[in-house]
Structure formats: C-alpha cells, structure tokens
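Visitor: I would like a close look at a single part of this model. Please take the salt bridges and go through them in one connected account.

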Amino acid sequence: MLTREDLENDVLRKFYAHARLDVPAIPEDEFHASLDNLLAGWNPARDLWIFGYGSLIWNPLFKFVEHKLATIHGFHRRFCLRSRLGRGSVDKPGLMLGLDFGGCCNGVAFRIAARDVSHELKLIWRREMVAGSYAPCWVKARAGGKHLRAIAFVVNHAHPHYMGKLPLKTVIATLASARGKFGSGADYLYKTVDCLAAHGIHDTHLTALRDQVLKAAGGVHHPVECPEVGA
C-alpha cells in the first residue's frame, strides 16, 4: 500500500517514468502550476479542508487536526478512472474512483492546520496529480450543520484515463480481476466500503457493487479496520 514515505520521496512520478506508459506524468511545471493556481484561492492564515470520498478516507497519509462527515452536491463517486499502475497494469487496466458530475456525495472532510498546508498539500498533489487525471477545485461541503470550503479531486473529463459511465458488468469484471503495484481493484473497493461504513456512511451502490465483485472474484472478504475514525 502507498505510504507517506513514498510521497515524501515522490515515488509515483518515478514509477511513471520507469513504466514508460502511453500517458506519462504531467510535466513538473504543470504540476506545480496546478497547485499554485488552486492555492491562489486560499488565505494562508487559515486552515484548509480536503474532501475525501475514497482512498483518502482509509489511507490519507497527510497530517490533519480534525475530520468531519461531509456532503457535497453536484458530484457523485464513480469508478470511472483507468488505472495502469496503482490498481491495474498495462495488460489489464484497473479502475479507481473519481468524483463525477451530478448527484451528491457523502464523505469525510479533513482539516489541515494552516502551518502544515504548504507541505501536506504538496504530498497530496504527489499522490493525486502526477498523471493529471483529476481537476481539483474548491467545493462547498456541508458538515455538522454548517458549510465549509474544501478542495475536492474531480475527474478531468479531457484526460485519457477518464472512462465515463461504464457498463456495470465491465466494472465488476475489472475490479474482480485487475491488480497493480498497490494492490487489487477489489481490495480498493472493499476498503472504501468498510471505511465509509465505519464513519457511518452507507453507500448502497458501492455495497451492492462490493457483493457482486466478491461473487465474481470467488473470494471471501474480511472487513478491515479504519484507524482514521478515531484520529
């Protein structure tokens, strides 16, 4: 599984360079520009919120001082991003979650202390933005009866990794069989379902998908703990 040390050492960019994929890592200047452009809308004297809807919930790898259940409108989580490294391979691409347009999404908002934002956000960028398959933006999230402004990683529709709305049979077959450097698509799904539930979020679509992938993979799922719940 990806670690904080991996992000400190920028290993994802190194992996992309070594793999020589047909969709290379985005250039360094473009990478830094995307971060600088987003931070132009942030007051450096204030803490910053990140909205997590998938692996950021069960393996955040960044320092945060608080987390809250949160809901955003206008987006929903979907397995719509091709993975040819982390959860799949060149010969058998996998799928990962992205925020796509429409509906709403329940997730977890993490608050990063202002003093830590510069470093921690760089690590998050090294994790999410090496391939450029996301278009990060500011969203309005509702948490604890109040609204907060957070960064969310929305899918980049112009990116070659974006697969759109795939047939359910394709999603099930892909998640049940694909495996990459950081594990299988099935494991990614199982951890997401379990950790959402640990936070009190019951995504009926993902739960049904989990059951179908389990059946297709012919395996047994052992629920995982979500240590971030008590953080």
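Guide: What follows is a walk through the salt bridges, beginning with one aspartate and its partners. The model is a predicted one. The count of salt bridges comes to 15.

Asp 187 and Arg 87 form one of them, with N to O at 3.8 Å. Asp 187 belongs to helix H7 (residues 185–198), while Arg 87 sits in the loop between S2 and strand S3 (94–112), so this pair ties together parts that are 100 residues apart in sequence. The two ends are not alike in exposure: Asp 187 is partly exposed at 25% relative accessibility, whereas Arg 87 is buried, with a relative accessible area of 5%.

Asp 187 also meets the side chain of Lys 191 in a salt bridge, here at 3.2 Å, N to O. This second contact stays inside helix H7, where Lys 191 and Asp 187 are 4 residues apart and hence separated by about one helical turn. Lys 191 counts as buried, at 16% relative accessibility, because the cut-off for that term is under 20%.

Helix H7 contributes to another salt bridge through Asp 194, which pairs with Arg 210; their closest N and O atoms are 3.9 Å apart. Arg 210 lies in helix H8 (residues 204–217) and Asp 194 in helix H7, 16 residues apart, and the pair links distant parts of the chain. Arg 210 and Asp 194 are both buried.

Salt bridges also join into a network, whose members are Asp 47, Glu 66, Lys 68 and Arg 111.

Conventions:
Residues numbered from 1 in each chain as written. Predicted model: local features only at pLDDT ≥ 70, side-chain atom pairs only at ≥ 80, totals over all residues. Heavy atoms only, no water. Salt bridge = Lys/Arg side-chain N within 4 Å of Asp/Glu carboxyl O. Helix = DSSP H or I, 4+ residues; strand = E, 2+ residues; numbered from the N terminus. Buried < 20%, exposed > 50% of the residue type's maximum accessible area, 1.4 Å probe, protein only.
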